Amino acid sequence: MTARLDSEVERFCGGFYRNLTSSPLEPGDPFYVPLLERTELASSDPVLSLLHCIQWQESESVQLFSGFRGTGKSTELRRLSRELRRAGHLVVLCDMEDYLNLSMPVDVSDFLVAVAGAFGEELKEPDLLGEDPSRLSYWDRFRNFCGTKVKLEELNIEGVKLGLKEDPDFKQEIQERMRGHLGALVVDVRDFMAECVLKLRERHGDEKKIILLLDSIEHLRGTSRNAGEVHASLENLFSGHPDKLRFRSMHVVYTVPPWLKVRAPGMEGEFDGGELLPCLKVRDRDGSPFRAGIGALTEVLRKRGDWQRLLEDRERLERIILASGGYLRDLFRIVQSLLRLTAQRGRLPADDEIISLGIADVRNDYLPISREDAGWLAQVMKTHRAELPTADSLADLARFFDTHLVLCYRNGEEWFDVHPLVQERVQQHVDTTNGKPTRA
């Protein structure tokens with residue numbers, strides 16, 4: 001039977017569904033739940049660790065912040081921004097997805113141009129520098145740099161920002177032309193950033209710390225054809241050029257993918273700090289339910305809608321939470337699937353059949369899993385480590401992390417597990433090979 005679109009059930013399901021947004025939240029948002037600030041959920045708060053480093057470093061610092069997409073990293077960056085502003089500092093938050101081509105390899109040259117361009121644009125905000133006709137954007141400055149210092153007058157660099165993000169040929173040409181002039185470009189970018197810092201201090205006072213937060217860099221992942229090349233370029237950017245990512249009298253936080261520290265162990269030692277935002281643990285390593293995590297996600301859902309009206313009892317809710325693995329985006333996706341199915345049937349609460357269908361709907365997005373992948377994933381399930389089988393396996397590791405087949409948790413030390421939605425399927429694959437994983 002088709003549900004009436006104006007029915008009470010449809011209105012309830014539609015309102016709940018719309019509230020399950022995974023967009024970044026400001027700390028004061030009605031939907032925001034301060035999960036990281038609860039000691040029963042996390043042994044340390046990565047945001048406070050970032051904050052302390054900035055507060056305690058005298059003049060400048062560079063830190064890395066990693067986390068799985070959809071775990072609330074952008075929301076927590078906004079909490080960091082709020083706390084820094086409360087302390088009287090100047091914060092510039094840039095979403096680098098607006099400036100980087102996420103499907104192409106990144107080079108230190110075009111990355112620095114994008115960072116300087118983004119920083120300059122954000123300074124136009126009234127509480128920073130506002131519109132200043134005497135101040136060149138870095139896009140204009142880069143055009144002058146190419147025409148005078150590097151002698152690239154013939155390079156078509158009109159619309160540098162748009163070209164770097166939208167035109168792969170332009171981006172590649174910039175990378176090739178800059179290879180012999182990287183030192184000069186680094187100096188030019190640093191001079192621009194230093195001039196901006198000087199203007200900020202002239203307007204706001206010398207005692208202010210200047211902090212640049214660069215979000216969404218970890219979204220770089222390429223396509224099926226060039227993913228390995230893109231991942232390798234991101235690794236080279238941070239492990240091969242850490243010195244070029246520092247700016248005088250500025251504190252910078254770069255977001256990076258969680259696989260980076262696995263692929264380049266010890267890399268964080270080149271920076272002033274590195275923090276990981278894990279998934280919220282809903283099971284311990286031995287598989288037993290983690291009540292504090294389940295309770296916290298119950299509160300998250302309660303703020304979005306009346307889960308008791310949808311599910312009636314807590315047992316059904318816990319089934320959904322455990323199936324999500326503590327990955328917020330999948331928890332929301334499962335509930336959204338339940339809401340669609342419930343609205344179609346036109347009655348509340350959702351019964352066990354609908355719960356199963358809703359979970360299966362999200363599970364299907366992770367399938368099929370090849371036997372080769374299942375072998376490696378089975379090792380993660382057994383050891384709770386995400387070790388690379390070979391040095392050439394970066395693309396596979398990044399894919400498992402980017403697609404959330406492997407999730408990261410922390411209670412003292414970091415540990416990994418396969419997403420609960422596919423654990424049974426992984427085990428089935430391994431069983432068909434007589435318990436011998438196909439990937440060592």
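Two strands count as paired here if DSSP finds at least two bridges between them. With that in mind, a good place to start in this predicted model is strand β3, residues 210–215.

Strand β3 has a partner in strand β2 (residues 90–95), and the two pair in the parallel sense over six bridges. Within this pairing, Leu-93 sits opposite Leu-213 of β3. Strand β3 is also joined to strand β4 (residues 251–256), this time by four bridges, and these two strands run parallel as well. Here Leu-212 of β3 faces Val-252 of β4. Getting from β3 to β4 involves helix α9 (residues 227–240), and the three elements together make a right-handed β-α-β unit.

What about the side chains? In a regular strand they alternate between the two faces of the sheet. In β3, Ile-210, Leu-212 and Leu-214 point one way, while Ile-211, Leu-213 and Asp-215 point the other way, and all are buried. Because six of the six residues of β3 are buried, meaning under 20% relative accessible area, the strand is largely enclosed by the rest of the structure.

Ahead of β3 in the numbering comes helix α8, residues 182–204. At 1.5 Å a residue, its 23 residues should span 33 Å, and the end C-alpha atoms are indeed 33 Å apart, so the expected and computed spans agree. Buried residues turn up in α8 too, among them Leu-182, Val-186, Phe-192, Met-193 and Cys-196. Asp-188 and Arg-201 of α8 are also buried. Right after the helix comes Gly-205, whose phi is positive, near 110°.

Note on methods: Residues numbered from 1 in each chain as written. Predicted model: local features only at pLDDT ≥ 70, side-chain atom pairs only at ≥ 80, totals over all residues. Heavy atoms only, no water. Buried < 20%, exposed > 50% of the residue type's maximum accessible area, 1.4 Å probe, protein only. Right-handed = clockwise from strand over helix to strand, strands pointing away. Expected span 1.5 Å × (residues − 1).
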